[in-house]
Amino acid sequence: MPETPEQSAAARFDTVLIANRGEIAARIQHACRELGLKAVAICSEADREAPYGSTADSFICIGPSSAAKSYLNQDAILLAARLAGAGAIHPGYGFLSENAAFADAVEKAGLIFIGPTASSIATMGDKISAKRAMMTAGVPCVPGPDTALPDDPATIGRIALEIGYPVIIKAAGGGGGRGMRVVPKADVLHEAIALTREEARKAFGSPSLYMEKFLEHPRHIEIQVICDDHGNAVWLGHRDCSMQRRHQKVVEEAPAPGIAPDIIQPVGLACVEACLQIGYRGVGTFEFLYEDGAFYFIEMNTRLQVEHPVTEMTSGVDIVQAQIRAAQGHVLDLTQGDVTCEGHSFECRINAEDPETFLPSAGVVTHLALPAEPGIRVDTHIHAGYKVSPYYDSLIAKLIVHAPTRAEAMARMREALAGTEIEGISTNIPFLRALFEDDAFARGETDIHYLEQWLKLRRAA
Ligand code: MV4
């Protein structure tokens with residue numbers, strides 16, 4: 001007799017090892033506790049004093065401060081999971097979260113990887129196979145072939161002419177802004193191909209490249225999905241993540257301003273259809289460029305993302321809990337008709353960095369005050385006396401606000417930023433305060449280049 005979905009779910013796991021650090025380790029631990037699951041925290045030597053270590057059911061130091069020897073050490077993490085009796089591993093974001101070999105090793109060790117299958121991760125990790133899967137599923141993509149560029153220069157030249165200059169050359173193994181080169185016109189095409197191929201070979205171990213139309217002033221819009229193991233998938237709305245510097249997002253918001261529900265709706269449904277076609281499980285994000293009223297798929301992220309809270313605020317869905325429940329084998333407890341978008345949400349990433357040079361700033365937090373008014377959420381692992389380590393990402397807190405309208409949410413973020421005091425280290429708070437006074441941003445008139453241009457003008461002034 002086949003098990004019902006609920007029967008198969010019951011036995012899957014009751015203890016989760018959180019293979020991450022910082023704010024997301026704390027966030028995942030909260031979700032585990034609320035689901036009645038035990039949480040195992042791990043740390044490197046630099047994170048021995050991490051506050052979420054003392055609130056976890058077990059806390060295991062797995063290696064030295066260098067991430068390569070700790071948070072990226074697959075064997076050490078699997079050993080810790082075995083020692084602590086964990087039945088599942090949550091990878092968070094970064095580190096091993098999109099490593100297909102790790103997802104495979106977790107499953108081979110008899111544990112559940114809280115994420116999609118290794119095969120889904122591998123398909124989306126190869127940006128050409130990802131694009132092919134999306135085109136097959138009817139997701140709108142950037143003009144250009146869903147196959148690798150051949151070696152023959154004449155054929156490459158014809159492909160570029162057919163797309164129309166400017167084009168962009170991207171490495172199949174790249175993503176997130178790595179391994180790409182814009183080609184403005186034909187006379188520099190072959191040089192650009194040769195350089196990008198060599199970089200790709202070195203950085204990703206594969207010379208495979210593809211070509212797209214280069215969009216000059218798009219916005220970065222993404223769609224959040226959640227899927228179960230039983231053929232159910234929903235999209236939870238969209239976010240605008242255009243406010244970025246050097247491919248690092250700084251401010252995110254939901255919903256994306258100025259995008260009418262009826263133009264995003266078919267895109268969201270196409271994402272859901274793609275999930276069903278590829279047998280996707282858990283949470284995922286479809287990244288799009290949006291220009292002149294049209295959406296163009298660029299990449300899919302197969303992990304929980306830093307900016308998931310803005311979608312939690314507008315949809316009311318706890319995305320981390322939903323992700324863990326999907327990994328347990330539960331049937332998704334919401335249908336597309338249940339999903340709503342209420343009000344507006346912003347997230348500011350608070351980084352320990354010099355506000356002018358953007359160099360990481362390590363040291364002890366000597367004073368900390370955080371806002372706690374209604375409509376304000378702070379996701380952080382730091383406290384007064386916390387030592388910010390130079391070893392890892394500089395993200396130390398996320399300030400998240402929710403209000404009925406975008407203008408009210410902006411005002412609430414100004415209040416939240418005014419109520420945030422961090423001393424002892426430098427942070428980007430002064431810069432975020434200035435950004436939330438910017439008129440064009442307030443009007444929603446930004447694209448992926450806006451922040452870098454704004455910084456340039458500010459420096460010149
Ligand atoms: C593009 C593009 C313009 N046209 N593709 C950068 C990150 C990676 N996810 C894809 N990226 C881009 N792909 C085409 N066909 C411009 C970018 C891009 C970008 C995209 C999203 C957010 C910020 C960006 C900053 C610079 C370039």
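This passage describes two sheets of a predicted model, the helices that lie on them, and several residues in loops.

The structure is a predicted model, in which local features need pLDDT of at least 70 and side-chain atom pairs count only at pLDDT 80 or more, whereas totals for chains, interfaces and linings use all residues. Residues are numbered from 1 along each chain as its sequence is written, and side-chain values use heavy atoms, with hydrogens and water left out.

Helices (H or I, at least four residues) and strands (E, at least two) are taken as DSSP runs and numbered from the N terminus. Two strands are said to pair if DSSP finds at least two bridges between them. On this basis, eight strands form an open sheet in the order β13-β12-β9-β10-β11-β14-β19-β17, and the pairing is antiparallel. The edges of this sheet are taken by β13 (294-301) and β17 (376-380), each of which has a single partner strand, so one side of each is left without a neighbour in the sheet. From one strand to the next, the twist averages 25 degrees, where axes are lines fitted to C-alpha atoms, for helices over the stretch in contact, and angles run from 0 to 180 degrees between N-to-C directions. Within the sheet, strand β9 (residues 219-227) is joined by nine bridges to strand β12 (residues 282-291), the two running antiparallel, and Glu222 has Glu287 in β12 as its bridge partner. Helix α16 (residues 450-460) lies across β10 (233-245) and β11 (248-254), and its direction is at about 25 degrees to that of β10.

A further open sheet consists of five strands in the order β3-β2-β1-β4-β5, with parallel pairing. Here β3 (58-63) and β5 (112-113) stand at the edges with a single partner strand each, so one side of each has no neighbour in the sheet. Strand β4 (residues 88-90) pairs with β5 in the parallel sense over two bridges, with Ala88 standing opposite Ile112 in β5. Helix α4 (residues 74-84) packs on this sheet and touches β1 (15-18), β2 (38-44), β3 and β4, while its direction makes about 155 degrees with that of β3; contact here means heavy atoms within 4.5 Å.

Several loop residues have backbone geometry that calls for comment. Most residues other than glycine have a negative phi, and most peptide bonds are trans. His247, in the loop between β10 and β11, has a positive phi near 65 degrees, and Asp292, in the loop between β12 and β13, has a positive phi near 50 degrees. With a relative accessibility of 46%, His247 counts as partly exposed, whereas Asp292, at 69%, counts as exposed; buried means under 20% relative accessible area, exposed over 50%, and partly exposed in between (1.4 Å probe, protein chains only).

A cis peptide bond joins Tyr165 and Pro166, with omega about 0 degrees, and Pro166 is placed in the loop between α8 (153-163) and β6 (167-175). The peptide bond from Ala254 to Pro255 is also cis, with omega near -5 degrees, and Pro255 lies in the loop between β11 and α10 (261-278).

Finally, Gln328 is found in the loop between α12 (319-327) and β14 (344-351), and with a relative accessible area of 10% Gln328 is buried. A polar atom of the Gln328 side chain lies 3.5 Å from the backbone oxygen of Phe13.

Definitions and conventions:
Polar contact = N/O pair within 3.5 Å; in protein donor to acceptor, adjacent residues only side chain to side chain.
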